[in-house]
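Me: I'm new to this one and would like a close look at a single part. Could you walk me through the strands and what surrounds them?

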Amino acid sequence: MAKKNSNIELIVKPAALSDVMDDFARFDNIHRTFDGKLVRAGRVVVLSANGKSVRVVARGQAKDAKGEIRLSSETRTRLGIKSGQAVVFTIAAANLWDEFWWAWGASNPVNRIAARLGLISVGLGFLGAALGAISLVK
């Protein structure tokens, strides 16, 4: 079962201003379909090109924009591509780990801080459980 769409050539366009800080990638829904099932808009996918990968939030775009992908300048820089280029992409469905890494390095500080506070909370929870278990033993 395929969890990725390989070798999709798309023309890179700049993202709309409203999408810049949210790490969105806007492309046709057909490229968000894995095993016949559409990944809903707003889900994280792994976008690869030029031997580099980034995690982005997949969104659809206008019907007249087939064959295009809209990316922020930050995402284009991470992938080493320029606006106006035709680039071959691989788009893969993200797992839980990919979603966490997207949030950890997100351009939007709200998402980034939430991921980091979540990790600290989990760590403190384990520490509290360990201290509680030690106190029961003594």
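**Around the strands**

Reply: Let's start with one pair: Phe27 has Ile69 of E7 as its bridge partner. Keep in mind as you look around that this is a predicted model.

That bridge belongs to a bigger pairing. E2 and strand E7 (residues 68-71) run antiparallel to each other and are joined over three bridges. E2 itself covers residues 24-27, and it also pairs with strand E6 (residues 52-59), this time in the parallel sense, again over three bridges. If you want a spot to click on there, try Ala25, whose bridge partner in E6 is Ala58.

Now follow E6 to another partner. E5 and E6 run antiparallel, with six bridges joining them. One of the pairs to look for is Ala49 with Lys52 of E6. The two strands make a hairpin, with two residues between them. Asn50 sits in that loop between E5 and E6. It's a fun residue to check, as Asn50 has a positive phi of about 55° although it isn't a glycine.

Next, the side chains. In soluble globular proteins, nonpolar side chains tend to be buried together. Here the largest nonpolar core has 20 residues, and the ones touching the most other members are Leu47, Ile69, Leu71 and Phe89. You've met Ile69 already, as the bridge partner of Phe27. Which elements give two or more residues to this core? They are strand E1 (4-14), E2, strand E5 (44-49), E6, E7 and E8.

Leu47 is a good place to zoom in. Leaving out neighbours within four places in sequence, its contacts include Ala25, Val54, Val56, Ile69, Leu71, Leu79, Phe89 and Ile91. Lys52, Ser53 and Thr90 are also among the residues in contact with Leu47. There is a second, separate core as well, made of six residues, among them Phe24, Val44, Val57 and Ala103.

Let's move on to strand E8 (residues 86-93), where you'll find Ala92. Is Ala92 buried or exposed? Its relative accessibility is 16%, so Ala92 counts as buried. Pick out Val46 too: Ala92 and Val46 are 46 residues apart in sequence, yet their C-alpha atoms are 5.0 Å apart in space.

Val46 leads us to a helix. Asp98, which lies in helix H2, touches Val46 along with Val44, Arg55 and Ala93, not counting residues up to four places away in sequence. Asp98 counts as buried because its relative accessibility is 10%.

Last stop: the neighbour of H2. Helix H2 (residues 96-104) packs with helix H3 (residues 109-137) at an angle of about 120°, and their axes are 7 Å apart. H2 and H3 are therefore oblique to each other. On the H2 side, the contact is made by Phe100, Trp102, Ala103 and Trp104, while H3 brings Asn111, Arg112, Ala115, Arg116 and Leu119. Sorted by class, that makes six nonpolar, one polar and two charged residues. Ala103 ties things together nicely: besides its part in the contact with H3, Ala103 is one of the residues in the second core.

How values were computed. Residues are numbered from 1 along each chain as its sequence is written. This is a predicted model: local features need pLDDT of at least 70, side-chain atom pairs count only at pLDDT 80 or more; totals for chains, interfaces and linings use all residues. Side-chain values use heavy atoms; hydrogens and water are left out. Axes are lines fitted to C-alpha atoms, for helices over the stretch in contact, and angles run from 0 to 180 degrees between N-to-C directions. Helices (H or I, at least four residues) and strands (E, at least two) are DSSP runs, numbered from the N terminus. Angles under 35 degrees count as roughly parallel, over 145 as roughly antiparallel, 65 to 115 as roughly perpendicular and the rest as oblique. Contact means heavy atoms within 4.5 Å. Ala, Val, Leu, Ile, Met, Phe, Trp, Tyr, Cys and Pro count as nonpolar, Asp, Glu, Lys and Arg as charged, and the others, Gly among them, as polar. Two strands pair if DSSP finds at least two bridges between them. Buried means under 20% relative accessible area, exposed over 50%, partly exposed in between (1.4 Å probe, protein chains only). A nonpolar core is a set of buried Ala, Val, Leu, Ile, Met, Phe, Trp, Tyr and Cys residues joined through side-chain atoms within 4.5 Å.
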